[in-house]
Amino acid sequence: MATRSKSSQRWLKEHFSDPFVKKAKAEGLRSRAAYKLEELVERDRLLKPGMIVVDLGAAPGGWSQWLRGELDRLDPARPGRVIALDILEMPSLAGVEFLLGDFREEEVLSRLVASLDGQRVDLVLSDMAPNKSGVDAVDMPRAMYLSELAMDFADQHLRTGGNFLIKLFQGVGFDEYVKELRRRYDKVVIRKPEASRKRSPEVYALAQGKRAVMK
């Protein structure tokens with residue numbers, strides 16, 4: 001058996017000693033990422049009873065799992081909908097509608113739109129990220145392309161006044177993307193939740209109050 005590289009050994013050590021990993025395991029959550037979403041959503045009180053939420057890049061399901069629980073707790077009589085999509089298989093979650101497929105493909109996007117059945121979305125979430133090659137000149141354009149697709153989806157299917165939360169990576173194209181968000185939404189803030197690893201270049205852009213007409 002091949003020995004693990006020093007970097008992968010360091011990652012494993014960091015992962016298993018991570019307090020959020022331990023907490024997720026203890027609380028039966030699928031991933032530590034749920035705590036990123038919890039902090040981001042609760043700070044701005046983004047959830048309301050009966051909401052329709054689309055979770056892009058959902059696997060392994062940490063965000064969808066937490067959302068489903070919170071919406072049920074807010075008002076069991078008005079559970080709303082959580083629609084999750086990912087290129088990777090995701091074990092089923094009660095009350096979560098899951099679509100398997102690559103968001104970059106027109107056929108997959110068509111299935112997602114069909115599942116909405118004409119309903120407008122209240123909150124679009126994107127935790128999508130490409131498989132990393134380790135080469136910034138390759139990884140950043142891939143990441144930005146996914147981000148552009150998520151923004152296009154929100155442009156077309158998010159209701160006026162709705163909110164869009166997306167993971168971004170700081171680098172080439174980041175400032176321009178945030179500028180585009182500011183044309184579309186009343187308020188845009190950049191956040192790095194406590195559960196986001198310090199050395200990770202990821203941040204989250206929260207765009208609130210989709211405008212009826214772009215600036």
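Okay, so look at S126: it stands opposite I166 in β5. S126 belongs to strand β4, residues 121-126, which pairs with β5, residues 158-169, in the parallel sense over 5 bridges. Keep in mind that what we have on the screen is a predicted model.

Now zoom out from that pair. How many strands form the open sheet, and in what order? There are 7, and they run β3-β2-β1-β4-β5-β7-β6, with mixed pairing. Why is one side of β3 and of β6 left without a neighbour in the sheet? Because β3 (96-100) and β6 (185-191) stand at the edges, and each has a single partner strand. On average, neighbouring strands of this sheet are turned by 15° against each other, if you ignore direction.

Next, the helices that sit on the sheet. Helix α5, residues 106-116, packs on it and touches β1 (52-56), β2 (81-86), β3 and β4. The direction of α5 makes about 175° with that of β2. Then there's helix α7, residues 174-184, which also packs on the sheet, touching β5, β6 and β7 (202-210). The direction of α7 makes about 145° with that of β6.

Stay with α7 for a moment, since it has a helix partner. α6 and α7 pack at an angle of about 5°, and their axes are 11 Å apart. The cut-off for roughly parallel is an angle under 35 degrees, so α6 counts as roughly parallel to α7. Which residues meet there? From α6 we have M144, S147, E148, M151 and D155, and from α7 we have F174, Y177, E180, L181 and R184. Sort that contact by class and you get 5 nonpolar, 1 polar and 4 charged residues.

Right, on to the empty space. Rolling a probe the size of a water molecule over the atoms shows where empty space is left. Here the count comes to 1 cavity of 30 Å³ or more, and the volume of the largest cavity is about 40 Å³. Its lining is M128, A129, P130, A143, M144, L146, S147, K167, L168 and F169. Two elements, α6 and β5, give two or more residues to that lining, and the largest share, 4 residues, comes from α6. By class, the cavity lining has 8 nonpolar, 1 polar and 1 charged residues. You've met a couple of these already: M144 and S147 are also among the α6 residues that meet α7.

There's a pocket to look at too. The second largest pocket holds about 190 Å³ of space. Which helix gives the largest share of its lining? That's α6 (residues 136-157), with 5 residues. Residues lining this pocket include K132, D136, D139, M140, A143, F169, Q170 and P201. The class split for the pocket is 6 nonpolar, 3 polar and 3 charged residues. A143 and F169 turn up in the cavity lining as well.

Last bit: two backbone oddities. Most residues other than glycine have a negative phi, and most peptide bonds are trans. Now find P60, in the loop between β1 and α4 (62-74). A cis peptide bond joins A59 to P60, with omega about 5°. Then go to R45, in the loop between α3 (33-43) and β1. R45 isn't glycine, yet its phi is positive, near 50°.

Terms used:
Residues numbered from 1 in each chain as written. Predicted model: local features only at pLDDT ≥ 70, side-chain atom pairs only at ≥ 80, totals over all residues. Heavy atoms only, no water. 1 Å grid on protein atoms, 1.4 Å probe; cavity = no way out; pocket = protein on both sides within 12 Å on 5 of 7 lines; lining within 4 Å. Points joined across faces, edges and corners; volume = space filled by probe spheres on them. Nonpolar A, V, L, I, M, F, W, Y, C, P; charged D, E, K, R; others polar. Pairing = 2+ DSSP bridges. Axes fitted to C-alpha atoms, helices over the stretch in contact; angles between N-to-C directions. Contact = heavy atoms within 4.5 Å. Parallel < 35°, antiparallel > 145°, perpendicular 65-115°, else oblique.
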